[in-house]
Amino acid sequence: MANDRKAALLVIDMEEGFLNAQSPLYIQQAAKTVPTCARVIAQARQWKIPVFFVNRIYRRNGSDVEAVRYAKWLEGGRCLAPNSTGACSIAVPAEFTPQKMDYTIIKPRFSAFFQTELDLILRRLQVDTILLTGTTTPNCIRATCYDGLSLDYNVVILEDCCSSRSEQVQRANLEDMAFLGADVITSEDFLREGLQTENVVQTVRALVAADQTAPE
């Protein structure tokens, strides 16, 4: 991969509870992104890019479910319980089974950064760029994007590896994140070229360093 970035791939919430049409949490576009995400994961591993599977698990008593989701979670059969299987479960397609070199993060809210060890591990790995895939674009992808930008990571969103409840919602959110500063590319762009876009983090650091050494 021809680039000077140190990247990590985040695969967010690609669990049966969001992929299965029989689940009350089903995201209409999510299942069709599975093959594309799988290709990206395979290539990331080949390029030695760390892969993080960032998932949601709710306690059976609902004590960690978001207040805004609690009523629907209760009505929907208490989805995403520990060790669950079936349409409403935390089970993942075979392509999303973590391998020995991968990382698994359990997030308590929408953002992969919120009250998790993600930022700590990324900094230990000297990562400056996060690649976002998974579901859903307006919720977990967007929250992770904004937190990533706030923490001064380069954020790259693989648009055909993300999903929303409708194409209109998908396009609007991708446009907003791109306007804020995220790079929005396709999986084919990534698979063919790696990361060729400007490294914002390194550019800013260089400008700050130059400013600090300039005579007053």
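Residues are called buried under 20% relative accessible area, exposed over 50% and partly exposed in between, with a 1.4 Å probe and protein chains only. By this measure Tyr 58 is buried, at a relative accessible area of 3%, and Trp 73 is likewise buried, at 4%. The structure is a predicted model, in which local features need pLDDT of at least 70 and side-chain atom pairs count only at pLDDT 80 or more, while totals for chains, interfaces and linings use all residues. Residues are numbered from 1 along each chain as its sequence is written, and side-chain values use heavy atoms, with hydrogens and water left out.

We turn to the aromatic rings. Rings of Phe, Tyr and Trp (its six-membered ring) pair if their centres lie within 6.5 Å, with planes under 30 degrees apart counted as stacked, over 60 as edge-to-face and the rest as tilted. The count comes to five aromatic pairs. In one of them, Trp 47 meets Phe 190 edge-to-face, at 5.3 Å centre to centre and 85° between the planes. Because Trp 47 lies in the loop between α2 (34-46) and β2 (51-55) and Phe 190 in helix α7 (residues 187-193), this pair ties together parts that are 143 residues apart in sequence. Here helices (H or I, at least four residues) and strands (E, at least two) are DSSP runs, numbered from the N terminus. Trp 47 is partly exposed at 23% relative accessibility, whereas Phe 190 is buried at 0%.

Tyr 58 and Trp 73 also form an edge-to-face pair, with 6.3 Å between centres and 80° between the planes. Tyr 58 belongs to the loop between β2 and α3 and Trp 73 to helix α3, so the pair links parts 15 residues apart in sequence. Together with Tyr 70, these two residues form one aromatic cluster.

Next comes Pro 108, found in the loop between β3 (103-106) and α4 (118-124). Pro 108 is partly exposed, at 27% relative accessible area. Its C-alpha atom is separated by 7.0 Å from that of Asp 64, 44 residues apart along the chain. Leaving aside residues up to four places away in sequence, Pro 108 touches Arg 56, Asp 64, Glu 66, Phe 114, Gln 115 and Thr 116, where contact means heavy atoms within 4.5 Å. Arg 56 has a further partner: its charged end sits over the ring of Phe 110, 5.9 Å from the ring centre. This term requires NZ of Lys or CZ of Arg within 6 Å of the ring centre and within 35 degrees of the ring normal.
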